[in-house]
Amino acid sequence: MPKAELHIHIEGSLEPELIFKLAKCNKVSLPYHSVEALRSAYAFTDLQSFLDIYYAGASVLLYEQDFYDMAMAYLQRAVNDHVIHAEIFFDPQTHTDRGVPIAHVINGLHRACVDAQIKWNVDASLILCFLRHLSEDAAIETFEQAIPHRHQFIGVGLDSSEVGHPPEKFTRVFAKAKALGLHVVAHAGEEGPPAYIWSALDVLHVERIDHGVQSDQDDALMARLIASRMPLTVCPLSNQKLCVFPDLQQHNIGRMLDAGVCVTINSDDPAYFGGYINDNFVQTFDALGLDEKAAYQLACNSFEASFVSAEQKNKWIQQLDYFVETF
Ligand code: HPA
Ligand code: ZN
């Protein structure tokens, strides 16, 4: 099916083979001796146990070309999975804190988006994420460094360690981003409580919630999400690998879809969680026994939830309808 991917951290698409290749070229030492040793460390118990390895993997990225190569590798896989539009997260602070200029990060990623459009006819744009375990002042400093690149990204987001770092910690920087006309999203309710989803909505004024799977603990929140068609970018394999749900059979995405929530399926950090977007679809559909109607609704939701014009959304939904009619 043609679809959009709206929750993918580009640093989470870095495959172990590329990590080792870049480590060698850039003379960065890693705490793992081989691709196999690194892969065998991918046994996560929660979000933090993943983030520790994810930041170690990202330490091999130094030059503009590294960011370009990483993004082209992701976009090629996304195209193979029939992704026609991707909104890609990146974490500048993971790189600027190691002395990498923000221009290397953004120019490399943006050049890949431009070239992928020419090469594969895929539409891709970038969302700059702030690391929530760092201070709001650090986020503001990063945002100011990114302003000269304003035309190269479409929005800002919030990721990293959730519990203890509520959305309201970032009120000022999100207000600045909104004032510049950027889109705003935030991870909320992955491990954190429904209260974090409320404050992402009411304090940060986000347009989508990333994850949001804890919403079903709060009936009033569910009613609000349904009535407002507030999208949730859900990542089933991520939730399984980080033990948010004990297994995919227990995942609530099917129940939320039935209840009328605008949920979408995404890969989050595909190199770490055992699969790209189609793997997420196939394994979730197998585990939950979802049908063609659910597949259509999820693809349709991915276009509805994307940050493009109403006209572009309609074109993509027509493309989806044509695919379904001729399947
Ligand atoms: N949650 C929070 N931060 C992240 C994630 C995630 O799933 N992936 C990469 N950074
Ligand atoms: Zn994420």
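Here is a short tour of a predicted model, starting at ligand 1 and ending at a loop serine.

**Stop 1: the ligand.** Select ligand 1 and bring up its surroundings: H9, L47, F50, L51, Y54, D159, S160, H187, E190, H211, D268 and D269. Color that shell by class and you get 4 nonpolar, 4 polar and 4 charged residues. Now switch on the cavities; the space ligand 1 occupies is the largest cavity.

**Stop 2: the polar contacts.** Which atoms of ligand 1 pair up with H9, H211 and D268? Start with H9, where an N or O atom of the side chain sits 3.3 Å from a nitrogen atom of ligand 1. Then click H211: a polar atom of its side chain is 3.2 Å from a ligand 1 oxygen. Next pick D268, whose side chain puts a polar atom 2.7 Å from an oxygen atom of ligand 1. As for cover, ligand 1 on its own would expose 260 Å², and the protein buries 100% of that.

**Stop 3: helix 3.** Select residues 47-58, which make up helix 3. With 4 residues, helix 3 gives the most to the shell around ligand 1.

**Stop 4: S13.** Head over to the loop between strand 1 (3-9) and helix 1 (16-26), and select S13 there. Is S13 buried or exposed? Its relative accessible area is 5%, under the 20% cut-off, so S13 counts as buried. To see what its side chain meets, display the backbone of I10: the backbone oxygen of I10 is 2.7 Å from a polar side-chain atom of S13.

Methods. Residues are numbered from 1 along each chain as its sequence is written. Chains are lettered from A and ligands numbered from 1 in the order in which they are written. This is a predicted model: local features need pLDDT of at least 70, side-chain atom pairs count only at pLDDT 80 or more; totals for chains, interfaces and linings use all residues. Side-chain values use heavy atoms; hydrogens and water are left out. A residue is near a molecule or strand if one of its heavy atoms lies within 4 Å of it. A polar contact is a pair of N or O atoms within 3.5 Å; within protein, one must be able to donate a hydrogen and the other to accept it, and residues adjacent in sequence count only if both atoms are side-chain atoms. Accessible areas come from the Shrake-Rupley method with a 1.4 Å probe; for residues, only the protein chains shown count as cover. On a 1 Å grid over the protein atoms alone, a cavity is a set of points where a 1.4 Å probe fits but cannot get out, and a pocket is an open set with protein on both sides within 12 Å along at least five of seven lines; lining residues have an atom within 4 Å of a point. A molecule sits in a cavity or pocket if more than half of its atoms lie within 2 Å of its grid points. Helices (H or I, at least four residues) and strands (E, at least two) are DSSP runs, numbered from the N terminus. Ala, Val, Leu, Ile, Met, Phe, Trp, Tyr, Cys and Pro count as nonpolar, Asp, Glu, Lys and Arg as charged, and the others, Gly among them, as polar. Buried means under 20% relative accessible area, exposed over 50%, partly exposed in between (1.4 Å probe, protein chains only).
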